Amino acid sequence: MIRHLVLFKLNDGVERDDPRVVAGAEAFRALGEKIPEVEFWECAWNITDRPIAYDFAINSAVADEDSLKRYIGHPEHQAVAGQWREFATWVIADYPF
C-alpha cells in the first residue's frame, strides 16, 4: 500500500470562506469516491492556529505505485487540483506502508 499525504496552505489573503475554497474543499471531499484506485480517503481542515500549520489535509491510500500514477493522472483529480492552484500551495509525501 502507498500512503498519499497532501497538506495545503492557503495563499496570503485567502480565507476558508472564500467561495473558491469552499468549492475546492467540497470537490476534494467527493473525490475519493470518484476514483477507483483510492482505497482510503479522508480530508479535513486543520483545527489548530499554529503559525507553521498547514490549512487543509488529505490522507489517502492506494494499492501500489501504478495505482498512485493512475490516481494522479485521473481527470477528476487533475480538475480538483487545478481549482486549488488558484488559491493555495501544497506539499506531498508518498510512502509505502
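His 77 is buried in this predicted model, with a relative accessible area of 11%, and a value under 20% is what earns that label. His 77 lies in helix H3, a stretch that covers residues 75-85. Leaving out residues up to four places away in sequence, His 77 touches Leu 31, Ile 35, Tyr 71 and Ile 72. Helix H3 is a handy starting point for a walk through the model, with H1 and H2 as the next stops.

**Helix H3 and its buried face**

- Along with His 77, the buried residues of H3 are Val 80, Ala 81 and Trp 84.
- Looking down the axis of H3, you find these buried residues within an arc of 100 degrees, so they line one face of the helix.
- What do the buried residues of H3 pack against? Their partners are four strands, E1 (2-10), E2 (38-45), E3 (56-62) and E4 (88-96), together with helices H1 (19-31) and H2 (65-73).
- For a sense of distance, the C-alpha atoms of His 77 and Phe 97 are separated by 22 Å, and the two residues are 20 residues apart along the chain.

**Where H1 meets H3**

- The axes of these two helices come within 9 Å and cross at roughly 155 degrees.
- How does H1 run relative to H3, roughly parallel or roughly antiparallel? The crossing angle makes H1 roughly antiparallel to H3, because angles over 145 degrees count that way.
- As for handedness, H1 passes H3 in a left-handed crossing.
- On the H1 side, the residues that meet H3 are Ala 23, Gly 24, Ala 25, Ala 27, Phe 28 and Leu 31. On the H3 side, they are Glu 76, His 77, Val 80, Ala 81, Gln 83 and Trp 84.
- Sorted by class, the contact of H1 with H3 has eight nonpolar, three polar and one charged residues.

**Where H2 meets H3**

- H2 and H3 have their axes 5 Å apart and pack at an angle of about 55 degrees.
- That angle makes H2 oblique to H3.
- Tyr 71, Ile 72 and Gly 73 of H2 make this contact with Pro 75, His 77 and Gln 78 of H3.
- By class, the contact of H2 with H3 has three nonpolar, three polar and no charged residues.

**The two sides of H2**

- Ser 67, Leu 68 and Tyr 71 are buried in H2.
- Seen down the axis of H2, these buried residues fall within an arc of 100 degrees, so they line one face of the helix.
- What covers the buried residues of H2? The cover includes strands E1, E2, E3 and E4 as well as helices H1 and H3.
- Turn to the other side of H2, and Glu 65 and Lys 69 are exposed there.
- Lys 69 has a relative accessible area of 59%, and the exposed label applies over 50%.
- The C-alpha atoms of Lys 69 and Leu 7 are separated by 19 Å, with their positions 62 residues apart along the chain.

**Trp 45 in strand E2**

- You will find Trp 45 in strand E2.
- Which residues is Trp 45 in contact with, leaving aside its neighbours within four places in sequence? They are Leu 10, Arg 16, Val 21, Ala 25, Arg 29, Asp 55, Phe 56 and Trp 84.
- Among these partners, Ala 25 in H1 and Trp 84 in H3 also take part in the meeting of those two helices.
- Trp 45 and Tyr 95 are 50 residues apart in sequence, and their C-alpha atoms are 22 Å apart in space.

**Glu 37 and Val 22**

- Glu 37 has its place in the loop between H1 and E2.
- Is Glu 37 buried or exposed? At 16% relative accessibility, Glu 37 counts as buried.
- Setting aside neighbours within four places in sequence, Glu 37 is in contact with Ala 61, Val 62, Ala 63, Ser 67 and Arg 70. One of these, Ser 67, is itself a buried residue of H2.
- Val 22 belongs to helix H1.
- With a relative accessible area of 40%, Val 22 is partly exposed.
- Not counting residues up to four places away in sequence, Val 22 touches Arg 16 and Asp 17.

Notes: Residues are numbered from 1 along each chain as its sequence is written. This is a predicted model: local features need pLDDT of at least 70, side-chain atom pairs count only at pLDDT 80 or more; totals for chains, interfaces and linings use all residues. Side-chain values use heavy atoms; hydrogens and water are left out. Buried means under 20% relative accessible area, exposed over 50%, partly exposed in between (1.4 Å probe, protein chains only). The arc is that of the directions from the helix axis to the C-beta atoms. Contact means heavy atoms within 4.5 Å. Axes are lines fitted to C-alpha atoms, for helices over the stretch in contact, and angles run from 0 to 180 degrees between N-to-C directions. Angles under 35 degrees count as roughly parallel, over 145 as roughly antiparallel, 65 to 115 as roughly perpendicular and the rest as oblique. A crossing is left-handed if the near helix is turned anticlockwise from the far one by less than a right angle, and right-handed if clockwise. Ala, Val, Leu, Ile, Met, Phe, Trp, Tyr, Cys and Pro count as nonpolar, Asp, Glu, Lys and Arg as charged, and the others, Gly among them, as polar.
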